[in-house]
Amino acid sequence: MDKIVSAPIEAYCRQHTAPLSPVLETLIAATHAQTTAPQMLSGHLEGTLLRFLVQLTHAHHVLEIGTFTGFSALAMAEGLPPDGRIITCDVNPESTAIAREHWAQSPHGHKIELRLAPALDTLASLSGPFDLVFIDADKANYGAYWEAVLPKVRPGGLIAVDNVLWSGRVLDPQAASDKAIVAFNHQAAADTRVETLMLSIRDGLLLARKRLDGQ
Ligand SMILES: C[S@@+](CC[C@H](N)C(=O)[O-])C[C@H]1O[C@@H](n2cnc3c(N)ncnc32)[C@H](O)[C@@H]1O
């Protein structure tokens, strides 16, 4: 993956960001040792941003689409109050076994509930309302995830969507995945139910705040 932010700047930002919990550090190491695509893990800066968003919005009910090895779910769980809950969706039993193993080592792991099924099926069974939703799964379904979750986000709630810069390929879309991200970004920016803010952190993170009168 081409980096949007240069490696030295990324390292400088990490040096000036609160350290990760020991479990999250161990989870990063396990993901590199045991999976073939460790770059899917959102990492120190984005994980810390997600935890901050949970804390700043006083979220109690969080939904995640795309668990992988459970890094972002645990980072967000660390920001939830003791009675807060996060539902996280994935289809991969191998990567989520690594997730479960590490969640069990954290005092925040009990806040996480894994749903192992195609996310669109899981979403159809959930009523919400959610304070915060993090979308980070198969890019072709981003538009469908958006439409499925937005009615289940509380007014004033937040949706965060990962990889919206897609290594910069949004500027010259060629592959189907490039075009899917470009189409999604257009869909979100044109949606009057939300206000959007696109951040160039890591591979691009779109924040969308549902308007108080958004349906
Ligand atoms: C980029 S990874 C998630 C990374 C994770 N959020 C983190 O920051 O550590 C994307 C995940 O989406 C999952 N995924 C792909 N298609 C899916 C689907 N239809 N439903 C649910 N999860 C899916 C993959 O199995 C993969 O684990």
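This passage walks through the ligand site, one strand pair and two backbone details of a predicted model.

A good place to begin is the ligand. It is surrounded by 20 residues, and the closest of them are Ser42, Gly66, Ser72, Asp90 and Asp136. Sorted by class, this shell contains 11 nonpolar, 5 polar and 4 charged residues. Several polar pairs can be followed atom by atom. Ser72, already named among the closest residues, places a polar side-chain atom 2.8 Å from a nitrogen atom of the ligand. With Ala119, by contrast, the backbone takes part: one of its polar backbone atoms is 2.9 Å from a nitrogen atom of the ligand. Phe68 also contributes through its backbone, where an N or O atom lies 3.3 Å from an oxygen atom of the ligand. How much of the ligand does the protein bury? Taken alone, the ligand exposes 600 Å², and 88% of that is buried by the protein. The space that the ligand takes is the largest pocket. Two elements give two or more residues each to the surrounding shell: helix H4, spanning residues 71-79, and strand S2, spanning residues 85-90. Ser72 falls within the range of helix H4, while Asp90 closes the range of strand S2.

Further along the chain, attention turns to a pair of strands. Strand S6 (residues 194-199) and strand S7 (residues 205-210) run antiparallel and are joined by 6 bridges. Within this pairing, Leu197 stands opposite Leu207 in S7. The two strands form a hairpin with 5 residues between them, and there Arg202 adopts a positive phi near 45 degrees.

Two loops hold further backbone details. In which loop does Pro129 lie? Pro129 is found between helix H6 (119-124) and strand S4 (130-135). The peptide bond leading from Gly128 to Pro129 is cis, and its omega is near -5 degrees. Helix H6 starts at residue 119, the position of the Ala119 whose backbone approaches the ligand at 2.9 Å. The other loop, between strand S5 (153-162) and helix H8 (176-189), contains Asn163. Although Asn163 is not a glycine, its phi is positive, at about 65 degrees.

Key. Residues numbered from 1 in each chain as written. Predicted model: local features only at pLDDT ≥ 70, side-chain atom pairs only at ≥ 80, totals over all residues. Heavy atoms only, no water. Near = heavy atom within 4 Å. Polar contact = N/O pair within 3.5 Å; in protein donor to acceptor, adjacent residues only side chain to side chain. Areas by Shrake-Rupley, 256 points an atom, 1.4 Å probe, with all protein chains shown as cover. 1 Å grid on protein atoms, 1.4 Å probe; cavity = no way out; pocket = protein on both sides within 12 Å on 5 of 7 lines; lining within 4 Å. Sits in = over half its atoms within 2 Å of the grid points. Helix = DSSP H or I, 4+ residues; strand = E, 2+ residues; numbered from the N terminus. Nonpolar A, V, L, I, M, F, W, Y, C, P; charged D, E, K, R; others polar. Pairing = 2+ DSSP bridges.
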